[in-house]
Amino acid sequence: MSKLIQLIALLPFSALLIAPALCEAQLFSPLAPLTSEASNPTQTAQRQESAVIKNALFVRLEAKPGKEKELAQFLHTGLDLARQEGTTPVWFALQLGPSTFGIFDAFSDEAGRQAHLNGPIAQALGANAPNLLAQAPAIERIDVLGTKLPQ
């Protein structure tokens, strides 16, 4: 009987330990994202878009001597153009070294990648390449095997 009394005495304390775990479990329930996404279609579209990234490009750019700052500024302004491209959900402008720069972008399919290669960023790069680049851009087509993107 004394063990039973001890267990009963511990019940209020065990509830204090278990309740936070239950609350956490509800917060991270697989149903929670579905509920919140149902009320936010934009978030649903972004999550679906990021879940299907399959193709990418990596473009290496070498600045002409003395044109490093201009190339960096050119890439910075490219971000506004990338934001306007509906088929380009991922876009990074990179500085890899003092005169070496890059662009990494990713797409849900080959059509999106091709649209980007024919789009305003590629056209602007082509128009400015003779002034800014020491050599032609090196463009690598990449197959994406997996992604982890913010939701």
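**Reading the sheet and its neighbours**

Me: I'll start with one residue: F92 counts as partly exposed, with a relative accessibility of 44%. What does buried mean, and what does exposed mean?

Reply: Buried is under 20% relative accessible area and exposed is over 50%, with partly exposed in between. This is a predicted model, so take F92 as a reading of that model. F104 also counts as partly exposed, at 25% relative accessibility.

Me: OK. How many aromatic pairs does a search of the whole structure find?

Reply: General idea first: you describe two aromatic rings by how far apart their centres are and by the angle of their planes. In this case the search turns up one pair. That pair is F92 with F104, at 6.4 Å centre to centre and with 40° between the planes, and it is classed as tilted. Since F92 sits in strand 2 and F104 in strand 3 (residues 100–107), the pair ties together parts 12 residues apart in sequence.

Me: Let me zoom out, then. What is the pattern of the protein chain, read along the sequence?

Reply: Following the sequence you get α-α-α-β-α-β-β-α-α-β. Counted up, that is six helices and four strands. The chain has 151 residues, and 26% of them count as buried. It exposes about 10,300 Å², with carbon and sulfur atoms supplying 63% of that.

Me: And the contacts? Among those between residues at least 6 apart in sequence, what percentage join residues at least 24 apart?

Reply: The figure is 75% for the protein chain.

Me: Now the sheet. In what order do the four strands sit, and is the pairing parallel or antiparallel?

Reply: The general idea is that strands of a sheet pair through backbone hydrogen bonds, and they can do that parallel or antiparallel. Here the four strands make an open sheet, ordered 2-3-1-4, with antiparallel pairing. The edges are strand 2 (90–95) and strand 4 (138–143), each of which pairs on one side only. From one strand to the next, the twist averages 15°.

Me: How many bridges join strand 1 to strand 3?

Reply: Eight, and the two strands run antiparallel. If you want landmarks, V59 stands opposite I103 in strand 3, and A56 has A106 as its bridge partner there. On to strand 4: strand 1 (residues 55–62) pairs with it over six bridges, again antiparallel.

Me: What do strand 2 and strand 3 form, and how many residues lie between them?

Reply: They form a hairpin, with four residues in between. Their antiparallel pairing runs over six bridges, and L94 stands opposite G102 in strand 3.

Me: Back to burial. How many of the eight residues of strand 3 are buried?

Reply: Seven of the eight are buried, so strand 3 is largely enclosed by the rest of the structure. In strand 1, six of the eight residues are buried, so that strand is largely enclosed too.

Me: Can I follow one strand residue in detail? Where is N55 found?

Reply: N55 is in strand 1, and D143 in strand 4 stands opposite it. Its relative accessibility is 10%, so by the under 20% cut-off N55 counts as buried. The N55 side chain reaches the backbone nitrogen of E110 at 3.2 Å. Beyond its neighbours within four places in sequence, N55 is in contact with residues including D105, F107, E110, R113 and I142.

Me: And one from a helix: is A82 buried or exposed?

Reply: A82 lies in helix 4 (residues 68–84). With 5% relative accessibility, A82 counts as buried. Setting aside neighbours within four places in sequence, A82 is in contact with T88, W91 and I121.

Me: How many residues apart in sequence are A82 and H116, and how far apart in space?

Reply: They are 34 residues apart in sequence, and 8.8 Å apart in space, C-alpha to C-alpha. So if you load the model, try three stops: the F92 and F104 rings, N55 with the backbone nitrogen of E110, and A82 with its contacts T88, W91 and I121.

Key: Residues are numbered from 1 along each chain as its sequence is written. This is a predicted model: local features need pLDDT of at least 70, side-chain atom pairs count only at pLDDT 80 or more; totals for chains, interfaces and linings use all residues. Side-chain values use heavy atoms; hydrogens and water are left out. Buried means under 20% relative accessible area, exposed over 50%, partly exposed in between (1.4 Å probe, protein chains only). Contact means heavy atoms within 4.5 Å. Accessible areas come from the Shrake-Rupley method with a 1.4 Å probe; for residues, only the protein chains shown count as cover. Two strands pair if DSSP finds at least two bridges between them. Axes are lines fitted to C-alpha atoms, for helices over the stretch in contact, and angles run from 0 to 180 degrees between N-to-C directions. Rings of Phe, Tyr and Trp (its six-membered ring) pair if their centres lie within 6.5 Å; planes under 30 degrees apart count as stacked, over 60 as edge-to-face and the rest as tilted. A polar contact is a pair of N or O atoms within 3.5 Å; within protein, one must be able to donate a hydrogen and the other to accept it, and residues adjacent in sequence count only if both atoms are side-chain atoms.
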